[in-house]
Amino acid sequence: MTQYFATVARGLEAIAAQELEQLGATEIQTQFTGVQFKGDRALLYRVNLWARTIFRVLMPIAEIPAGNAQQLYNGTRDIAWDDYLSPNETLAVNCTGSNRQLNHSHFTALQIKNAIVDQQRDRVGKRSSVDTRDPDLIINAHIYKNTCTLSLDSSGTSLHRRGYRPAMGLAPLKESLAAALLDMTQWRSELPLFDPLCGSGTIPIEAGLKALNIAPGLFRDRFAFEGWPDFDKELWRNTLEAAQDSQIGEFPAFIGGSDRDPEILSQAEINAKNCGLRDRLQFSVTELADVQPPSPSGIILCNPPYGKRVGEVKKLEGLYKLLGDIFKQRFKGWTAYILTGNKELSKKVGLRASQRLPVYNGTIPCTLLKYELY
Ligand SMILES: C[S@@+](CC[C@H](N)C(=O)[O-])C[C@H]1O[C@@H](n2cnc3c(N)ncnc32)[C@H](O)[C@@H]1O
């Protein structure tokens, strides 16, 4: 069993842990913005392909002293890098965290890169070059106090970038956050799901992928582990085939959204088409004031804009009030959830929230408010 570490958005650690457990991970431990777990190579591939709420999976290979740049360089040079990288292959080093001596991630990454290529030059007279765009090996360095954890990044581009969304609205939700919000509402595919402010469609699309049991990683070009020396092509092919075979044909219930902006909605349609959901998701250009419930009951999940400047916030008060009015008048029997980063605006909804769940949208502290409509 190998030790892995999944990086996640702040606040989503418990949800990610649950997802990893369902995928077969063992010895799961949540940490701040991460989840430690154990598993074999098959699990590593499965998690990369199937996890909806995490950013990447790291495989720690060493913990070294890093009180200063020299210690970091020496410790990195002591690792047998030829186990992971040949001089003909390219590398990239990403660094997070800091301490007093190592407080510039670019400088820290440079020490690590130098130690690796100096070792290669000494041993075989040739060195890897750096490629930040499409490297063969991505090394992740995390500095915490006087220690550096060096890991191989098995994912590469963050897993929230599913690959179906070249087109984005003005303030799209990260796909991983949309998937986590769906978990938080306890939506399941037998329940209708509606987003009346759907923008580029992230919430209905993530719901659609879940409903049809489509692995979110199927639309990506590549995962970083495909460049590792131990890459098991056959195991990966089997993992992909199993995912393709496990898709379900139809939604059991309505999934869709609306938005008043036809341009943004056409982006939602492009995104849905890119993941094979175009004919299944129901999108319509509709002003919130004209929205009608698509079924007698279900889940509403939306993230209205919350504005940054005071003027912007003031203008949004009417939208929040309208949301509350429409919910109350037309959506009796539904349960509605609003994600917002502005407490004052949420008060304008004018309904009593039965639950308030804290969530981070990037660095912005937000709340997911639940309204039972009857
Ligand atoms: C923060 S965005 C939602 C982003 C979306 N979740 C995504 O991932 O792309 C809010 C959306 O509300 C829409 N909107 C704002 N006011 C509206 C109104 N009165 N009626 C319908 N849509 C509205 C905007 O066009 C925008 O796309």
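**Exercise 1.** At roughly what angle do the axes of helix α1 and helix α2 cross?

*Solution.* A quick word first: this is a predicted model, where local features need pLDDT of at least 70 and side-chain atom pairs count only at pLDDT 80 or more, while totals for chains, interfaces and linings use all residues. Residues are numbered from 1 along each chain as its sequence is written, and side-chain values use heavy atoms, with hydrogens and water left out.

Step 1: find α1 at residues 13–23 and α2 at residues 41–50. Helices here are DSSP runs (H or I, at least four residues), numbered from the N terminus.

Step 2: take the axes, which are lines fitted to C-alpha atoms over the stretch in contact, with angles from 0 to 180 degrees between N-to-C directions. The two axes come within 10 Å and cross at roughly 130°.

Step 3: name the arrangement. Under 35 degrees counts as roughly parallel, over 145 as roughly antiparallel, 65 to 115 as roughly perpendicular, and the rest as oblique. So α1 and α2 are oblique to each other.

**Exercise 2.** Work out how α2 packs with helix α7.

*Solution.* Step 1: look for α7 at residues 233–245. Step 2: the axes of α2 and α7 are 10 Å apart, at an angle of about 45°. Step 3: that pair is therefore oblique too.

**Exercise 3.** Describe the surroundings of the ligand, starting with the residues that come nearest.

*Solution.* Step 1: 18 residues lie around the ligand, and S200, T202, D259, E287 and N303 come nearest. To count as near, a residue needs a heavy atom within 4 Å.

Step 2: sort the shell by class: nine nonpolar, five polar and four charged residues. Ala, Val, Leu, Ile, Met, Phe, Trp, Tyr, Cys and Pro count as nonpolar, Asp, Glu, Lys and Arg as charged, and the others, Gly among them, as polar.

Step 3: check the polar contacts (pairs of N or O atoms within 3.5 Å). A polar side-chain atom of N303 sits 2.6 Å from a ligand nitrogen. For L288, a backbone N or O atom is 2.9 Å from a nitrogen atom of the ligand.

Key:
A polar contact is a pair of N or O atoms within 3.5 Å; within protein, one must be able to donate a hydrogen and the other to accept it, and residues adjacent in sequence count only if both atoms are side-chain atoms. Helices (H or I, at least four residues) and strands (E, at least two) are DSSP runs, numbered from the N terminus.
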